[in-house]
Amino acid sequence: MSLPSQVRLIEVGPRDGLQNEAQPISVADKVQLVDALSAAGLGYIEVGSFVSPKWVPQMAGSADVFAQIQRKPGVTYGALAPNLRGFEEAIAAGVKEVAVFAAASEAFSQRNINCSISESLARFAPIMDAAKQHGVTVRGYVSCVLGCPYEGTVAPEQVAMVARELYAMGCYEVSLGDTIGTGTAGATRRLFEVVSAQVPRDKLAGHFHDTYGQAMANIYASLLEGISVFDSSIAGLGGCPYAKGASGNVATEDVVYLLNGLGIETGIDLDALIAAGRQISAVLGRPSGSRVAKARSAQ
Ligand code: HMG
Ligand code: MG
């Protein structure tokens, strides 16, 4: 299969990245990050989550962030919603696209959203109905697609089952998350082969955490499988509070560098992206997790 000529990147840094930070980050710093990302040419930015603040305190100010960002025409600003309450709060904040999130493993589902996989899918049904009424689009996530911190191995067939349910209930795209970053290129190819029997490849996205240093290889493996949408995080921020050791989403800067080298269109300005990554890294008081950003600052 030939590589896609265009790739869409879903920037998850302000959500998947910052949700994991213990130190307080001001609304102003979050807004500055989101605006810097849209200015760099990203077409989709996941801004925050409407989840319980007891579960993920860092996302508590998401409505304020939505109120203060400068919405650039053509850019999608998304948010996570775990239940109808989260959806309603998202709508009240002017959100036009939400993401629901399920897991491929029962243990992770319990730890992350306090219910079984089937209960979570049932919880999403009213969100799908309400979204239709409000003209809101819904993206779906499946976590732990290449391994679970509690259960270990996860069968691709189990991932395919959950992805099929999300797609059937109306998610226009399903992102497969290697939450703990244990996946390899071989496992990634097998995963997309199995899942694409249930959900078309052009409705699937890859979401790779770089915990084991495999994210770039896994993205390339996904491209070879015809996948053309990837989630990535500025400066490699990230992790999941309910997946110990899941630090580090793949860095957006590094993915753009890879895609530029392959001649694949993204519409993103790499220099502006690196600058946005430096800014948030300065706020957090630590070096960027992007290898490209590190290499550029050493030059
Ligand atoms: P629960 O405790 O079972 O729910 O949590 P509940 O209905 O019993 O409510 C508990 C409390 O939360 C109540 O407050 C509710 O009012 C409140 P209290 O009476 O105790 O004061 N509550 C809410 N507050 C604000 N917004 C809401 C909301 N709903 C209830 N929407 C729940 C269930 C789903 C709420 C909880 O487990 C939760 O919020 N989990 C979120 C976990 C999360 O955000 N994880 C990180 C994102 S997933 C991820 O990172 C993976 C991904 O990146 C892909 C990958 O890498 O694989 C997407
Ligand atoms: Mg994630």
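**Exercise 1. Find which strand E5 pairs with on the E6 side, in what sense and over how many bridges, then place E5 among its other neighbours.**

*Solution.* Start with strands E5 and E6 (residues 173–178), which pair in the parallel sense over 4 bridges. Here two strands pair if DSSP finds at least two bridges between them, and helices (H or I, at least four residues) and strands (E, at least two) are DSSP runs, numbered from the N terminus. A residue-level check: Tyr 141 has Ser 175 in E6 as its bridge partner.

A word on the model before going on: it is predicted, so local features need pLDDT of at least 70 and side-chain atom pairs count only at pLDDT 80 or more, while totals for chains, interfaces and linings use all residues. Residues are numbered from 1 along each chain as its sequence is written, chains are lettered from A and ligands numbered from 1 in the order in which they are written, and side-chain values use heavy atoms, with hydrogens and water left out.

Next, look at strand E4 (residues 97–103): 7 bridges join E4 to E5, and the two run parallel. Val 98 finds its bridge partner in E5 at Val 138.

Then follow the chain from E5 through helix H7 (residues 156–168) to E6, which gives a right-handed β-α-β unit (right-handed if, with the strands pointing away from the viewer, the path from the first strand over the helix to the second runs clockwise).

Finally, check the cover: 6 of the 7 residues of E5 (residues 137–143) are buried, where buried means under 20% relative accessible area, exposed over 50% and partly exposed in between, with a 1.4 Å probe and protein chains only.

**Exercise 2. Work out which residues coordinate the magnesium ion (ligand 2).**

*Solution.* List the donors: Asp 16 (OD), His 207 (NE2) and His 209 (NE2) coordinate the ion at 2.0 to 2.4 Å. Donors are N, O and S atoms within 2.8 Å of the metal (3.2 Å for Na, K and Ca); water is not among the atoms, so sites may look incomplete.

Now read the spacing of the donor residues in sequence, D-x190-H-x1-H. Asp 16 belongs to helix H1 and His 207 to strand E7 (residues 204–208), so this pair ties together parts 191 residues apart in sequence. Both Asp 16 and His 207 are buried.

**Exercise 3. Is Gly 238 buried or exposed, and where does it lie?**

*Solution.* Gly 238 is buried, because its relative accessible area is 11%. Gly 238 sits in the loop between strand E8 (229–232) and helix H10 (252–261). Across the fold, Gly 238 and Gly 13 are 225 residues apart in sequence, yet 6.8 Å apart in space, C-alpha to C-alpha.

**Exercise 4. Describe the largest pocket: what is its volume, and which residues lie nearest its centre?**

*Solution.* The volume is about 650 Å³. A pocket is an open set of points on a 1 Å grid over the protein atoms alone, with protein on both sides within 12 Å along at least five of seven lines; lining residues have an atom within 4 Å of a point. Grid points are joined across faces, edges and corners, and a volume is the space filled by probe spheres set on the points.

Of the 35 lining residues, Val 51, Ser 52, Val 56, Pro 82 and Phe 101 lie nearest the centre. Elements that give two or more residues to this lining include helix H1 (13–17) and E5.

Conventions: 1 Å grid on protein atoms, 1.4 Å probe; cavity = no way out; pocket = protein on both sides within 12 Å on 5 of 7 lines; lining within 4 Å.
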